[in-house]
Amino acid sequence: MANTEYFKGIGNIKFEGKESDNPLAFKYYNPDQVVAGKTMKEWFKFSIAYWHTFCGQGSDPFGPGTQKFAWDQSSDPIQAAKDKADAAFEFIGKMGFDYFCFHDFDLIQEGATFSESEARLETITDYIKGKQAESGVKLLWGTANCFSNPRYMNGASTNPDFNVVARAGGQVKLAIDAT
């Protein structure tokens, strides 16, 4: 489904053992090695976290983010989200992992209104379902990010402003639907 390769020149990451000098190889994690009756792949259900891997810009208290991602270039929020999904599923595949996890608006930028946010989330959820069907990657978990937006500075479900509480409830419902 992707038209762009974001991690050019990087193939699938494989187990090569502790003697390998390949910096892009697993030294100790061998997904096929049996330990206590299960393979390592069965014991370790690695999941790529969308927010850490594809959303963080490298900012800190002393300045703005310094990371510029090739998938984060489009000014159209739908296209930007699809580009991020393409990069995410390429990365997950190259790592050989089976799972990913997300907060709702890691997948796509919130809209100006709740209705617009809902429509955007539905659009990217459908796109990601296609990526999952194509790759076999499964969702480990998804949740609502009711903490990053400044509207939640006084809490989400505990906020003294009922409009914020209602918005949080709606956002949780959308996240459940997306998950």
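**Aromatic pairs, core and overall architecture of the predicted model**

Phenylalanine 91 counts as partly exposed, at 23% relative accessibility; this class lies between buried, under 20% relative accessible area, and exposed, over 50% (1.4 Å probe, protein chains only). The structure is a predicted model, in which local features need pLDDT of at least 70 and side-chain atom pairs count only at pLDDT 80 or more, whereas totals for chains, interfaces and linings use all residues. Residues are numbered from 1 along each chain as its sequence is written, and side-chain values use heavy atoms, with hydrogens and water left out.

The protein chain contains six helices and seven strands, taken as DSSP runs numbered from the N terminus (helices H or I, at least four residues; strands E, at least two). Along the sequence these elements follow the pattern β-β-β-β-α-β-α-α-β-α-α-β-α. The C-alpha atoms occupy a box of roughly 60 × 40 × 40 Å along the principal axes. Of the 179 residues in the protein chain, 36% are buried. The exposed surface of the chain amounts to about 10500 Å², of which carbon and sulfur atoms supply 55%; accessible areas come from the Shrake-Rupley method with a 1.4 Å probe, and for residues only the protein chains shown count as cover. Contacts, defined by heavy atoms within 4.5 Å, often span the sequence: among those between residues at least 6 apart, 61% join residues at least 24 apart.

A search of the whole structure finds 17 aromatic pairs. Rings of Phe, Tyr and Trp (its six-membered ring) pair if their centres lie within 6.5 Å, and planes under 30 degrees apart count as stacked, over 60 as edge-to-face and the rest as tilted. In the pair of tyrosine 6 and tryptophan 71, the ring centres are 6.1 Å apart and the planes stand at 80°, so the arrangement is edge-to-face. This pair joins distant parts of the chain, since tyrosine 6 belongs to the segment before β1 (14-15) and tryptophan 71 to the loop between α2 and α3, 65 residues apart. Both tyrosine 6 and tryptophan 71 are buried. Phenylalanine 54 and phenylalanine 91 likewise form an edge-to-face pair, with centres 5.8 Å apart and planes at 80°. Here helix α2, holding phenylalanine 54, is linked to helix α3, holding phenylalanine 91, across 37 residues. Phenylalanine 54 is buried, at 3% relative accessibility. One aromatic cluster includes Tyr6, Tyr50, Phe54, Trp71, Phe91 and Phe100.

In soluble globular proteins, nonpolar side chains tend to be buried together. A nonpolar core is here a set of buried Ala, Val, Leu, Ile, Met, Phe, Trp, Tyr and Cys residues joined through side-chain atoms within 4.5 Å. The largest such core has 31 residues, and those with the most contacts inside it are Tyr50, Phe100, Ile124 and Ile128. Two or more residues each come from α2 (50-55), α3 (77-95), β6 (99-103), α4 (104-107), α5 (114-135) and α6 (162-178). Helix α3 gives the largest share, seven residues. Beyond its neighbours within four places in sequence, isoleucine 124 is in contact with Ala81, Lys82, Leu107 and Ile108. Another core lies apart and has seven residues, among them Ala144, Cys146, Tyr152 and Ala156.

Helix α3 has 19 residues and reaches 27 Å from its first C-alpha to its last, close to the 27 Å expected, a value obtained as 1.5 Å times one less than the number of residues. Because 14 of its 19 residues are buried, α3 is largely enclosed by the rest of the structure. Glycine 96 follows α3 and has a positive phi, near 80°.

Arginine 167, in helix α6, is buried at a relative accessible area of 18%. With residues up to four places away in sequence set aside, arginine 167 touches Glu110, Phe114, Ser117, Arg151 and Tyr152. Glycine 111, in the loop between α4 and α5, is also buried, at 13%. On the same basis, glycine 111 touches Glu116, Ser117 and Arg120.

No disulfides, that is, pairs of cysteine sulfur atoms within 2.5 Å, are found in the whole structure. For cysteine 55, the nearest cysteine sulfur is that of cysteine 101, 11 Å away, which is too far for a bond. Cysteine 55 is partly exposed at 22%, whereas cysteine 101 is buried at 5%.
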